[in-house]
Amino acid sequence: MAFDNFASAQSFLLIAGFVIAFIMGAIVNKTHFCTMGAVSDWINMGDTGRFRAWGLAIGVALLGVVLLEMAGMVNANGSYPPYRNGQLIWAENLLGGILFGIGMTIAGGCGNKCLVRIGAGNLKSIFVFLIIGVVAYFMLNPFPGSDKTLYSLLFYPWLNPLAVNMGNSQDLGSVIAGEDNALMARLVIGLVIGLFLVWLAFKSKDFRSSSDFALGGIAVGLCVLAAWYVTSNISVVIDEQPYPLTQYYGEWDMLAESEEGKPAIGAALGAQSFTFINPMAQAVGYTAGGFNSSLLTFGVMAFFGVMAGSLAWALVSRTFRIEWFASASDVINHVLGAVLMGIGGVLAMGCTVGQAITGVSTLAIGSFIAFAGIVLGSALTMKVQFYKMMYEEEASFGKALITGLVDLKLLPESLRKLEKV
């Protein structure tokens, strides 16, 4: 995908992001692909159908990335965000994942689901998006008249020192086989994990009986892969020399005739796929900046694309419904959940799609940690909610928390505080 000028290349990047996200939004709405729902079905009912669909999406994306990377058609090194960064911020990945998991459970859905619900008519989700976007924006950008971000004030001093230097890359291939053999190691590891996840999904008779489970998992995985492929292969050709967009941006003064059309964020031109918390912050910045075209990114276009695709399916299937808050407590839950998702999503460097699917497809160790944190935070929150509901006043938060940890096999049975229901 070579272009003779930067404007055409960038336009293709943005349009492709919107189109792929549109398809993804429509399919997620149609199949009810929901990561929070996947954890809920598993924890509350023992139904693993949607969790297997999530695993299938991870498997499909992972298989595609390692195969195309071996063929030189995907470049996940130096991606945006930098999943394979040599600094393993494991504490931020874990804490952020847990906070995000708690938040998505309290608010009733993750970042991707929030956008899908907006498209389907859920006005509550507009409220959730605005809060996530503003919180995430100030996690990444300084407060007005200050050089301090929410992250630098609350988290950097005690979390950053815990980072571990993994060398040039933290992906499993590099860690296990070294930089020289990383490509082949990623292929082998990716094939083993990816094929196992696909097998794990289809080995279930209940999973095979639902076409939506398979369609949702395969389609979401392919959309993530398609985004990786497109963003890895756009270049501008100058004097028969191809320049990837990030390189062109870095050499703008030498290659471009003027500053006109120069994006505000050069890193956002790199290889990437879908994630939804940082793009929500970018959407807030784009709006606050008066819809300045220099602030338009692949992530912002994906943000709009998912909503548009969901809206299209809702109209075609006649499932578009206006929804609003049911009570004051409903408002409080959504506000708290949105704040936690905004903070957690930035700390973890992604969400249930951005880390658990896109990030894991790069085999980054931090992505696996964030994924585990999200599932743990969500599952534990559901356990606490369940015991608080069943035992009411008898179940203090502490008792419900300890009992939930026992149910999840993270504490011994002898510490159980409430009888299992």
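**Exercise 1. Find the residue just after H5 with a positive phi, then work out how H5 sits in the fold.**

Start at glycine 121: just after H5, this residue has a positive phi of about 105°. Helices here are DSSP runs of H or I with at least four residues, strands are E runs of at least two, and both are numbered from the N terminus. A quick word on the model: it is predicted, local features need pLDDT of at least 70, side-chain atom pairs count only at pLDDT 80 or more, and totals for chains, interfaces and linings use all residues. Residues are numbered from 1 along each chain as its sequence is written, and side-chain values use heavy atoms, with hydrogens and water left out.

Next, H5 itself (residues 111–119). Eight of its nine residues are buried, so the helix is largely enclosed by the rest of the structure. Buried means under 20% relative accessible area, exposed over 50%, and partly exposed in between, using a 1.4 Å probe and protein chains only. Among the buried ones are Asn112, Lys113, Cys114 and Ile118.

Last step: the cover over those buried residues includes H1 (6–31), H4 (90–107), H6 (123–140), H15 (277–288), H16 (298–316) and H17 (328–348).

**Exercise 2. Describe how H3 and H10 pack.**

Take the axes of H3 (residues 49–70) and H10 (residues 182–202): they come within 8 Å and cross at roughly 155°. Axes are lines fitted to C-alpha atoms, for helices over the stretch in contact, and angles run from 0 to 180 degrees between N-to-C directions.

Now name the arrangement: H3 and H10 are roughly antiparallel to each other, a label for angles over 145 degrees. Their crossing is left-handed, meaning the near helix is turned anticlockwise from the far one by less than a right angle.

**Exercise 3. Track down the unusual backbone spots in the loops and in the segment after H20.**

First, look for a cis peptide bond: one joins tyrosine 80 and proline 81, with omega about -5°. Proline 81 lies in the loop between H3 and strand E2 (87–88).

Then go for positive phi outside glycine. Arginine 318 has one, about 55°, and this residue is in the loop between H16 and H17. At 71% relative accessibility, arginine 318 is exposed.

Finish with lysine 409, not a glycine either, whose phi is positive and near 65°. Lysine 409 sits in the segment after helix H20 (397–407) and is exposed, at 70% relative accessible area.

How values were computed:
Parallel < 35°, antiparallel > 145°, perpendicular 65-115°, else oblique. Contact = heavy atoms within 4.5 Å.
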